[in-house]
Amino acid sequence: NSNSNSNNNNTLFVSTAVAEQYERHIFSAFEYVLQQDVQEFHPYVFQIFAMLIEIRDPAVPLPAAYLQIFPPLMMPVFWERSGNVPALSRLVQAFLWKAAAAVMAGGHLLQVLGIFQKLASSKAHDHEGFALLNALVAHAPLAAYKPHLPTIFHIFNARLARSRTPKFARGVALFSLFLAAKHGAAELQAAVEEPTVGMGGGSSGGMMMGASGGGGGGALFGLVRNVIVPYMPYIEGQEEGKAIIVGAVRLLTEWLPPPP
């Protein structure tokens, strides 16, 4: 499941004591698999770690043992193995769900965004990158990632210009509407229209294919006209449906498109 957060409402939480009982039996085995680089077992280890985090009571902070696992997950070598990516993405989403504050406090935001950038360049795994971004918006405070939103949209624009696919365009549409639903149309407009030099170089002003730059809503209008409206009908999923409805309503009521 590339987006575990869409199923969070259906998760059966277990008591901390039950979770710790499982952990005592398997942590040492998992540590051996990772330290000895037994590659064929890595995806299974990551999936089970994700499940153990997902079933923990969200009111109880994650133990330090889990938080110590997170930094090694950012190592590029793990993400370069295609078979690891779905399980790793689910595991990072679980961390953001249950311990976003700790992830931000540990200084790992730029690493997570770097993983997103790597996945966004892959037609096979770009949806996993969107799952990370959506988990970030869902669970992390806006102030933590707001300075990086223009760069994120710059990456979107570069990929749309270079090798647009329906799947990637749907991901951009969903993320944009989710951001608007969560934080309002003004935050989406600010992210899209603020010129910035992204990780790949170049400016994000006047983006989203055919939009005129220079502010005043032109870039957001291009995003709405060329990405959100054409691809919104093809977004599937119950939670995703809620996001696009709320996001679309906030766009319609909070944003005034530029005059023709």
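Which residues have the most contacts inside the largest nonpolar core? In this predicted model, they are W79, F156 and L251, and the core to which they belong has 77 residues. Helix α6, residues 85-105, gives the largest share of this core, 12 residues. Select W79, F156 and L251 to begin the tour.

**First stop: L96 in helix α6**

Please select L96, which has its place in helix α6. L96 has a relative accessibility of 0% and therefore counts as buried, since the limit is under 20%. Now display the residues around L96. Apart from neighbours within four places in sequence, L96 is in contact with V103, M104, L132, A135, L136 and H139. Among these, A135 may be used for a distance: the C-alpha atoms of L96 and A135 are 6.4 Å apart, although their positions lie 39 residues apart along the chain.

While helix α6 is on screen, W97 and K98 may also be shown. K98 lies over the face of W97, at 4.3 Å from the ring centre.

**Second stop: helix α2 and its rings**

Select residues 42-54, which form helix α2. At 1.5 Å a residue, its 13 residues should span 18 Å, and the end C-alpha atoms are 18 Å apart, so the two values agree. The buried residues in α2 include H42, P43, V45, F46, F49, A50, L52, I53 and E54. Two of the phenylalanines listed there, F46 and F49, lead to aromatic pairs.

The structure holds 11 aromatic pairs. In one of them, the rings of F30 and F49 have centres 4.9 Å apart and planes at 70°, so the pair is edge-to-face. This pair links distant parts of the chain, with F30 in helix α1 (residues 16-35) and F49 in helix α2, 19 residues apart. F30 counts as buried, at 9% relative accessibility, and F49 counts as buried at 4%.

Add F78 to the selection. F46 and F78 form an edge-to-face aromatic pair, with 5.6 Å from centre to centre and 75° between the planes. Here too the pair links distant parts of the chain: F46 lies in helix α2 and F78 in helix α5 (residues 76-79), 32 residues apart. Both F46 and F78 are buried.

**Third stop: D126 and its salt bridges**

How many salt bridges are counted? The count comes to six. Select D126, found in helix α8, to see two of them.

The side chains of D126 and R159 meet in a salt bridge of 3.1 Å, N to O. The pair links distant parts of the chain, since D126 is in helix α8 (residues 126-139) and R159 is in helix α10 (residues 149-163), 33 residues apart. D126 and R159 are both buried.

The side chain of D126 also meets that of K167 in a salt bridge, at 2.7 Å, N to O. D126 lies in helix α8 and K167 in helix α11 (residues 166-183), so this pair ties together parts that are 41 residues apart in sequence. Is D126 buried or exposed? With a relative accessibility of 1%, D126 counts as buried, whereas K167 is partly exposed, with a relative accessible area of 28%.

Beyond its neighbours within four places in sequence, D126 is in contact with L119, A120, R159, T165, K167 and F168. F168 deserves a further look together with R159: the charged end of R159 sits over the ring of F168, 4.4 Å from its centre.

**Fourth stop: a salt bridge within one helix**

Move to helix α14, residues 238-254, and select E239 and K242. These residues form a salt bridge in which the closest N and O atoms are 3.4 Å apart. E239 and K242 both lie in this helix, three residues apart, about one turn. E239 is partly exposed, with a relative accessible area of 27%, and K242 is partly exposed, with a value of 43%. Elsewhere, salt bridges that share partners join D126, R159 and K167 into one network.

**Last stop: a ring cluster**

Finally, select F116, F130, F153, F156, F168 and F175, which ring pairs link into a cluster. Two names will be familiar: F156 is among the residues with the most contacts inside the largest nonpolar core, and the ring of F168 lies beneath the charged end of R159.

How values were computed. Residues are numbered from 1 along each chain as its sequence is written. This is a predicted model: local features need pLDDT of at least 70, side-chain atom pairs count only at pLDDT 80 or more; totals for chains, interfaces and linings use all residues. Side-chain values use heavy atoms; hydrogens and water are left out. A nonpolar core is a set of buried Ala, Val, Leu, Ile, Met, Phe, Trp, Tyr and Cys residues joined through side-chain atoms within 4.5 Å. Buried means under 20% relative accessible area, exposed over 50%, partly exposed in between (1.4 Å probe, protein chains only). Helices (H or I, at least four residues) and strands (E, at least two) are DSSP runs, numbered from the N terminus. A salt bridge is a side-chain nitrogen of Lys or Arg within 4 Å of a carboxyl oxygen of Asp or Glu. Contact means heavy atoms within 4.5 Å. The expected span of a helix is 1.5 Å times one less than its number of residues. Rings of Phe, Tyr and Trp (its six-membered ring) pair if their centres lie within 6.5 Å; planes under 30 degrees apart count as stacked, over 60 as edge-to-face and the rest as tilted. A charge sits over a ring if NZ of Lys or CZ of Arg is within 6 Å of the ring centre and within 35 degrees of the ring normal.
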